[in-house]
Amino acid sequence: MRHALRLAAEAEATGEVPIGAVLVSGGEIVASAHNSPLALRDPTAHAEILALRAAAASLDNYRLQDATLYVTLEPCPMCAGALVNARIRRLVFGVRDLRFGGVRSKFRLADSELLNHQVEIVEGVLAADCQHLLQDFFRRRRP
């Protein structure tokens, strides 16, 4: 999660919302990314999606069954659906997204028994650090 926080800080430095994601498989970091929708002019360029794409390419498989994704903010519904489609084993996130959260706050997509795969979810890891980074970013943007 500390690596994801560093990536989030990189995103902030470029004007992006500070969210970082790190995908681990076999005990090694396979992919990492930060939010980049502004830079890439792509509404789907969330940290989680970019990390999933990079991991799938690196592992030469779109199924990431033994992987854990660490992300600083609770994934949105789009990203939560992508985690299910990728068959991610475990999601670890820092802080809930009370406005758009697709895993706990607004929806419970990633571990829904209605779907064909359930992601194990761990929340609150380095939550204070993750929340502080996001709050500072938005405080500066919206005085």
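**Entry 1: a term, then the model**

I take contact to mean heavy atoms within 4.5 Å. I need that for A47. Leaving aside neighbours within four places in sequence, A47 is in contact with I19, G20, A21, A33, H34 and N35. I note at the outset that this is a predicted model.

**Entry 2: A47**

I looked up where A47 sits. A47 belongs to helix α3. Its relative accessibility is 0%, and the cut-off for buried is under 20%, so A47 counts as buried. I also checked A47 against D129, which is 82 residues apart from it along the chain. The C-alpha atoms of A47 and D129 are separated by 17 Å.

**Entry 3: A51**

I stayed in helix α3, which covers residues 47–59 and holds A51. Is A51 buried or exposed? I find A51 buried, with a relative accessible area of 0%. Next I listed its contacts, again leaving aside neighbours within four places in sequence. A51 is in contact with A21, A31, A33 and L69. I looked at A21 again. A51 and A21 are 30 residues apart along the chain, yet 6.5 Å separates their C-alpha atoms. A21 is also on the contact list of A47, and so is A33.

**Entry 4: the overall layout**

I stepped back to the whole protein. I count five helices and five strands in its secondary structure. From the N terminus on, the order is α-β-β-α-α-β-α-β-β-α. The radius of gyration is 14 Å, close to the 15 Å that the globule rule gives for 143 residues, so the protein is as compact as a globular protein of that length. I read the span of the C-alpha trace along its principal axes as about 45 × 30 × 30 Å.

**Entry 5: burial, contacts and surface**

I asked how many of the 143 residues count as buried. The share is 48%. Then I turned to contacts between residues at least 6 apart in sequence. Of these, 55% join residues at least 24 apart. The protein exposes about 7,500 Å². Carbon and sulfur atoms supply 52% of that area. I noted the charges too: 17 positive and 16 negative. The mean positions of the two sets are 5 Å apart.

**Entry 6: the aromatic pair**

I searched the whole structure for aromatic pairs and found one. The rings belong to F137 and F138, with centres 5.0 Å apart and planes at 80 degrees; over 60 counts as edge-to-face, so that is what this pair is. I then checked the cover on each residue. F137 is buried, at 5% relative accessible area. F138 counts as partly exposed, at 27% relative accessibility.

**Entry 7: positive phi**

I looked at backbone angles next. Most residues other than glycine have a negative phi. Which residue in the loop between α3 and β3 did I look up? I looked up D60, found in that loop, with β3 at 68–73. Phi of D60 is near 55 degrees, a positive value in a residue other than glycine. D60 counts as exposed, at 71% relative accessibility.

I made a second stop at R87. R87 has its place in the loop between α4 (77–86) and β4 (90–95). Its phi is near 65 degrees, again positive and again not in a glycine. Is R87 buried or exposed? R87 is buried, with a relative accessible area of 14%. I set the two side by side: D60 is exposed, whereas R87 is buried.

Note on methods:
Residues are numbered from 1 along each chain as its sequence is written. This is a predicted model: local features need pLDDT of at least 70, side-chain atom pairs count only at pLDDT 80 or more; totals for chains, interfaces and linings use all residues. Side-chain values use heavy atoms; hydrogens and water are left out. Helices (H or I, at least four residues) and strands (E, at least two) are DSSP runs, numbered from the N terminus. The radius of gyration is taken over C-alpha atoms; the globule rule is 2.2 Å times the number of residues to the power 0.38. Buried means under 20% relative accessible area, exposed over 50%, partly exposed in between (1.4 Å probe, protein chains only). Accessible areas come from the Shrake-Rupley method with a 1.4 Å probe; for residues, only the protein chains shown count as cover. Lys and Arg count as positive and Asp and Glu as negative; His and the chain ends are not counted. The place of a charge is taken as NZ of Lys, CZ of Arg, CG of Asp or CD of Glu. Rings of Phe, Tyr and Trp (its six-membered ring) pair if their centres lie within 6.5 Å; planes under 30 degrees apart count as stacked, over 60 as edge-to-face and the rest as tilted.
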